[in-house]
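Student: Could we go through this model together, slowly, since I'm new to reading structures?
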Amino acid sequence: MRYFIIVLLVSATLNGQTYTGFTQASAETQAQQETDFLNQVKPADFKTHLKTLTQEPHIAGTPANEKVRDYMVATMDKAGWSVDTYPYEVYMSSDPGTSLVEVVSPVSILLDQKEDALKEDPYSQNTTLVKGWNAYSGSGDVTAEVIYANYGTKADFEKLEELGISVKGKIVIARYGGNFRGYKAKFAEARGAVGLIIYTDPKDSGFTKGLTFPEGVYYNPSAIQRGSLLTADWTGDPLTPYEPALPLDHKDTPERLAPEDAGLHTIPVTPIGYGAAESIFKHMKGEVVPKTWQGGLPYTYRVNGGEDLKVRLKVDQPKKMTKIYNVVATLKGKEQPDEWVILGCHYDAWAFGATDPNSGTAMLLSLSESLGRLAEDGKRPNRSIMIAHWDAEEHGVIGSSEWVEQMKDELKAKAVAYINLDGAVSGKNFGASSAPSLKTLILEASKAVDYPYTEETVYEHWAGDKPEPNIGNLGGGSDHIAFYMFAGVPSLSGGAGGPTLYHTNYDDFYYYENFVDPEFQMGPTVEKLMGILSLRLANAEFIPYDIERYATDLELHFENATQQVKSFYSDFTGFTASSQAISSLKLSTSSVAKALEKLLSTENISKRQKNQLNAQLLALEKSFLDPKGMPYGDWYKSLYASSDPFSGYASWILPGIQYQIETEATQDLKMWDERYAKAIKELDDKLKGMLESL
């Protein structure tokens, strides 16, 4: 495999384990500390925390969510961590308001907007559960003809235009998948639609996939995916871009945008289940859809419903200034307390949130207890470890973004890494996406933990029949965004996944203990892996980044970008300035890796030299921060990675160039080549500066 030919240079080896950034002596100490940590893990803790966290639905901004907050504070305080609560006041809704969806003609049918209560699942009978809703919907009451837009992607709306189908004045119905739901609304509204209904098609999760809940893991006809629609040109509170949304009575509270200036959707939008959607599809009489648009309901899908089919959509969703709270706990490092290893997961949920997010929350609470016991035994980490629980992620990755905006200067100077663990124990299949510099580290850590259901390590199970596991690139959709794409902190998102009842009222403890992991073995497994990962980041003499990976990954990404550009611009000769900069970078990364290896082998590193080199390592990722930001939103500062502005979830590597590719623009390619070459040269210069320190 190309990726791993030249990695693992700056490391010690012990008992078949590789310890990047350690001397041989410190690797021996680390190995013993990891054994001691693994012995501290109490498998029953995860289940206890998960059951407690998911007793009630707890939407951001509600008293039930504050109850979860207080439980987390008490747990981590008892475990010996220093716990801080960060309040913010943001513009959002904590409930769906009022809404209805009905077929007006050719028959009158009021459609269901809430999951069925099931006798098998006592949680589904909770009286505080609310109907399906999409946060940041516009309000309105419209009756109109219907247009089916497949997944509602940019390409799908362009296909409708190609077919001569206008959505102007119509209600669009689109299925979940393909892009972030907010872009479905954005594209529909931009083309003149008066409303949008979103549903989960059984072809994507339903009876065509397998048994449905409560017999199986797939959506039943009443299951509804909730979710935010927020699509501002920044991530976080829609009224305070670039500034933390401190409470209104705080002395430093920022000036806020007027809501009408924040670019929020104005058309009504709501989700329904496919059982309700069937009452619309069976009355559609228009043009047959393209073959790939056919879903799983037992009808020939039509693009338009015809003049006889009228649907009414009403949403009244008030929004107001709402208090939210982040909880951040710190286990202070004994040697380098101002270097921070940060792990995080949000805690707000659309209902009970057993898989999303609170499997991650429960695991982090268990981890705080295990690391706390380790520290109590005198084995405190060298760097500080922080565990953060973010609020209002579901509304638009708000809590973490506000904290990063508030702490951005400190983070740029102190943050070693951010590890995101949103829903991190949602199944039995481990996976990860990461910044280049952390990819080797997660692979190494996964070799140190046994997978519970086989005789394999997590690494071996993760790899399957491949020589090495696949590690993805970070996109959008969760709390790493501000750390990685705004502040330039190397980030990683990982955990164990599988089929989930995503954002439905059925994502509860009954579902978890019957279908996700009945033996409750994956929570402790992920805890062990994340504990070892964080301890290696916290204890290594030199921050264990894989610096050589920058050059190898950049080379691959520029090769891919060049081929994509040539697919629509045959005269393109390549990103020559960036390619030259990468060639120099490859030499520098190799030289620095060898010099660090030599220094580690001496077992004689002064405190001054260690601090100087670690400060230089911390600065590397910041080379990709560009003050001009991206053309689709200058809040996104990283030239290396961004979420896809046309889908919201996908990862864009080299996003400035990728935007040109997506829009098939050619006039600015040279300018982007120069901007990237400048950033790569800055990284190269920093590495050459490290050589002088070595």
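Tutor: Let's begin with some vocabulary: helices (H or I, at least four residues) and strands (E, at least two) are DSSP runs, and they are numbered from the N terminus. The model is predicted, so to speak of a local feature we need pLDDT of at least 70, side-chain atom pairs count only at pLDDT 80 or more, and totals for chains, interfaces and linings use all residues. Residues are numbered from 1 along each chain as its sequence is written, and side-chain values use heavy atoms, with hydrogens and water left out.

Student: OK, where is Gly210 then?

Tutor: Gly210 sits in the loop between strand 10 (195-199) and strand 11 (227-228). It counts as partly exposed, because its relative accessibility is 27%, where buried means under 20% relative accessible area, exposed over 50%, and partly exposed in between (1.4 Å probe, protein chains only).

Student: And how far apart in space are Gly210 and Ile267?

Tutor: Going from C-alpha to C-alpha, Gly210 and Ile267 are 35 Å apart in space, and they are 57 residues apart in sequence.

Student: Switching topic, how many salt bridges does the structure hold?

Tutor: There are 28 salt bridges in the structure, a salt bridge being a side-chain nitrogen of Lys or Arg within 4 Å of a carboxyl oxygen of Asp or Glu. One of them joins Glu158 to Lys154, with the closest N and O atoms 3.0 Å apart.

Student: What separates Glu158 and Lys154 in helix 4?

Tutor: About one helical turn separates them, because Glu158 and Lys154 are four residues apart in helix 4 (residues 154-162). Glu158 is partly exposed, with a relative accessible area of 36%, and Lys154 is also partly exposed, at 23% relative accessibility.

Student: Which pair links distant parts of the chain, 89 residues apart?

Tutor: Take Asp517 and Lys428, whose side chains meet in a salt bridge at 4.0 Å, N to O. Asp517 is in the loop between helix 12 (509-516) and helix 13 (522-539), while Lys428 is in the loop between strand 17 (415-420) and strand 18 (429-434), and the two are 89 residues apart. Asp517 counts as buried, because its relative accessibility is 0%, whereas Lys428, at 25%, counts as partly exposed.

Student: What about Asp626, what does it form a salt bridge with?

Tutor: Asp626 pairs with Arg675, and the closest N and O atoms are 3.0 Å apart. Because Asp626 lies in the loop between helix 16 (607-619) and strand 20 (641-643) and Arg675 lies in helix 18 (residues 669-693), the pair ties together parts that are 49 residues apart in sequence. Both Asp626 and Arg675 are buried.

Student: Are the residues of helix 9 buried or exposed?

Tutor: In helix 9 (residues 436-446), 11 of the 11 residues are buried, so this helix is largely enclosed by the rest of the structure. Among the buried residues are Pro436, Lys439 and Glu444.

Student: And what does Ser401 touch?

Tutor: Leaving aside residues up to four places away in sequence, Ser401 touches Thr235, Gly236 and Ala482, where contact means heavy atoms within 4.5 Å. Ser401 itself lies in helix 8 (residues 398-414) and is buried, at 0% relative accessibility.

Student: Where are the cis peptide bonds you'd show me?

Tutor: One cis bond joins Ser105 and Pro106, with omega about 15°, and Pro106 is in the loop between strand 4 (98-105) and strand 5 (109-110). Another runs from Asp356 to Pro357, with omega near 10°, and Pro357 is in the loop between strand 15 (336-346) and helix 7 (358-376).

Student: Why point those out?

Tutor: Because most peptide bonds are trans, and, in a similar way, most residues other than glycine have a negative phi. Glu603 has a positive phi, near 60°, and is found in the loop between helix 15 and helix 16, where it is partly exposed, with a relative accessible area of 39%. Glu664 also has a positive phi, about 50°, and its place is in the loop between helix 17 (655-662) and helix 18, where it counts as exposed at 54% relative accessibility.
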